[in-house]
Amino acid sequence: MRLAARVIEATSEAVLIADHEFRVTAINPAFTTITGYDADDIVGKIPHLEDSRAGDDPLYAQMWRAIEDHDQWEGEFWNRRKNGEEYAVRASISSIKDEDGKIQRYAALINDITERKQTDERIRFQANYDSLTGLPNRSLFLDQLDQAFDRVKRTNKKIALMFVDLDRFKWINDTLGHDAGDDLLLQVADRMKNCVRRVDTVARLGGDEFTIIMQDVDEEKHTRLVAEKVIEALSEPFRLKDKEANIGASIGISIGPSDAENTTTLLCNADLAMYAAKKAGRNTYKFFTPDMNEEAQARLEMENDLRHAIDRDELLVYYQPIVDLKTGRVSAAEALIRWRHPKRGLVSPVEFIPLAEETGLIGPIGEFVLIASCVRIKAWHDAGHKDLTVSVNLSSRQLRQGLSTEVISEILDFTNVSAEHLAFEITESQMMEDIQGSIEWLNEIKGLGVRLSIDDFGTGYSSLSYLRKFPIDTLKIDKSFVHDMTFNADDASLVEAITAMARSLKLRVIAEGVETREQLDHLRALGCDLIQGYYFSKPLQPDEFERLLERDGEDWCERLAG
Ligand code: C2E
Ligand code: MG
Ligand code: MG
C-alpha cells in the first residue's frame, strides 16, 4: 500500500480519490500541477466536472451512466484551471466496490492533453480553412453544401448557391504584386462576410473564386438583395499599397433543390450562371436558367469537335492579299484560319478562336497555322515570289501555351523560311492583358527577326506611351474606322491621326477592310500605302492565292488607277 502511495505521489498523471458520494478525499501533486487546485481547495468537496466548451449536462449524464453500467468511464473534455485558463483533459474514472458490490470509492486519473488537442485543431483548421482569409476552403465548403442540401430536402425550404468571381484580380496581382493580391483577397473576404447573415457560409475555393451558401431562402428577392449587396461592396475601391484599385465581381446563382437534384449539378449550374454573368459584362449577377445548359452543351460539343479538328484535317488556312499601293503589287498576305466542320460547314474564326483560347487548344491550333503558313511561304518563294511575306495572327494565350522563340525558330528552320518573311499580328487588347509579359515575349520574338504588327488598332487603348514600349513595325487600322471614315468626320480624323502618328514613330500602316474605291482614295491621300480588303480580294484558298500571284498586278493596276 505504501509503495502504491509513493507511485501515486510521483506520477505525472493527476490522481483524485473520492468517496461514495464523489466527495474528494485525496489528490496527488500532479493534480495540483495540472489543475492549479491544491488539497485545501478541493478535499471534502464534490469536484465540478464541466466541459467548458460544451456545457456540463451531456458529459455528466453520460459519465454517470457509464460508471453505473460498467464501473468505469473514459473521455476527453475541456475544463478550466484555477487561474481560469482552458485546458483539455483525458480522464478515466473507476468505481471501487466492496465485497457486497457497494461503491466505496472513486478513483480518477487525469492527463493534460491540451497540446495534442491544439495540434489536432490546427490540423483540422488547416484541412478545412483557407490559410489566407480564414474562410472555409473547398473541402469544408463541399461538406457544408452537402449538409445544407440534405436539410433542404427534409424541410421544403430552399438554399441559394452563389459563385463569385472577381473581375480584375489577375491584373492587380500582376501589376501590384502578390502581397497586394493577398491583401486584396483579405479585404474581399471581409466585405463579403459583411453582406451575409450568420447562418450563411462564405467560402474561398481558391484563387479569386468565392462562394456563398445562403440557407433558408424562400424568395428570389432575398437572394437578389444579397447579390446586389456583394456587387456593391466589391465595387467600392480597395486601398492597396497606397494605391486605389477597382475590381468588380460576376456572380452566378443557382437555387436548390429547384435548379438541381444534387449538389454536383447545383455547383455546375451556379458556375454556368457565373459564366453568363461574366459574358454579360462586369458587376452583374445571373440566376441559372435551363437554356444556359443547352448553350453549355453546345459549347462542350464544339470544344470536343475542335479537339479533333487538327487530327481530322478539318482546319484550313486562307490567305488574304495585302497590296502595296506604291508598286501596285501583292507584297504580303494575312493567314486566316477556317474550320470545315463536318456538320456546320465553314466555321468562322470569330466563333472558335475564343473557345480555343479558353480551352488551351489555341496552343496546337496556333502552331498548326504557323507551320502551314511557313510551308506556303517556302512554296511561293520557290515559285519566284521572292519578297512575299505572310503575317500570322497570334493570341496572347499562346504565350502561356509555350509558343517560345525556340519553337518558332525550329519551325522556320524546318520549313526553310527566313524570319524576315514572317510577321505576327497581335491585338492591342491582348497585349494590355499582361503588359510586362507581352513586352518580354514580343522582344524575344522580335529578336528572331520576325516582324510584328498591332492588329485592330484603334479599338483598344491606343496609348502612345505603350506603343513605344512594344517592339512593333506595323499598325493595322481596324476595319471599323476604314468603314466609317468616308461618312464620319470623327473616324476620318482618327485615321488621319493614326497615320501621322505612325509616320513619326517610323511605323508602317496597313488599312484593313478596304471595300470601296472611295475608301482607297481617301487612305492613299493620307499616305497609307498598304491596303487589305474585299476591294481587292477576299481571303483565298492557297491555290487560288497562287493563281492570283501569277497574274499579280494585271487587274488591280487598272483598279488602282481607277
Ligand atoms: P483580323 O486579324 O483582324 O482579320 C481580319 C478579318 O477581317 C478577317 O476575318 C478578314 O476575313 C476580314 N476582312 C478582310 N477584308 C475585309 C473587308 O474588306 N471587309 C470586311 N468586312 N471584312 C474583311 P476572319 O477571317 O473572319 O477572321 C476574324 C478574326 O479571327 C481575325 O481578325 C483574327 O483576329 C482571328 N483569327 C483568324 N485567324 C486566326 C489565327 O490563325 N490565329 C488567331 N489567334 N486568330 C485568328
Ligand atoms: Mg489580323
Ligand atoms: Mg484586324
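**Exercise 1.** Which atom of ligand 1 is 3.1 Å from an N or O atom in the side chain of D456?

*Solution.* The model worked with here is predicted, so local features need pLDDT of at least 70, side-chain atom pairs count only at pLDDT 80 or more, and totals for chains, interfaces and linings use all residues. Residues are numbered from 1 along each chain as its sequence is written, chains are lettered from A and ligands numbered from 1 in the order in which they are written, and side-chain values use heavy atoms, with hydrogens and water left out.

Begin with D456: the atom of ligand 1 that lies 3.1 Å from an N or O atom in its side chain is an oxygen atom. Next, take E334, which has a polar side-chain atom 2.9 Å from an oxygen atom of ligand 1. Then add E512, where an N or O atom of the side chain is 3.5 Å from an oxygen atom of ligand 1. Taken alone, ligand 1 exposes 800 Å² (Shrake-Rupley method, 1.4 Å probe), and the protein buries 85% of that.

**Exercise 2.** Find the protein donors of the magnesium ion (ligand 2), and then those of the magnesium ion (ligand 3).

*Solution.* Donors are N, O and S atoms within 2.8 Å of the metal (3.2 Å for Na, K and Ca), and because water is not among the atoms, sites may look incomplete. For ligand 2, the donors are E334 (OE), N393 (OD1), E425 (OE) and D455 (OD), at 2.0 to 2.3 Å from the ion, and along the sequence these residues are spaced E-x58-N-x31-E-x29-D. For ligand 3, the donors are D455 (OD), D456 (OD), E512 (OE) and E512 (OE), at 2.0 to 2.7 Å from the ion, with the spacing D-D-x55-E along the chain.

**Exercise 3.** Which residue bridges the magnesium ion (ligand 2) and the magnesium ion (ligand 3), and is D455 buried or exposed?

*Solution.* The bridging residue is D455, and the two magnesium ions lie 4.2 Å apart. To judge burial, use relative accessible area: buried means under 20%, exposed over 50%, and partly exposed in between (1.4 Å probe, protein chains only). D455 counts as buried because its relative accessibility is 6%, whereas D456 counts as partly exposed because its value is 23%.

**Exercise 4.** How many disulfides are there?

*Solution.* A disulfide is a pair of cysteine sulfur atoms within 2.5 Å, and by this rule the count is zero. Of the cysteines, C195 counts as buried at 6% relative accessibility, while C268 counts as partly exposed at 43%.

How values were computed:
A polar contact is a pair of N or O atoms within 3.5 Å; within protein, one must be able to donate a hydrogen and the other to accept it, and residues adjacent in sequence count only if both atoms are side-chain atoms.
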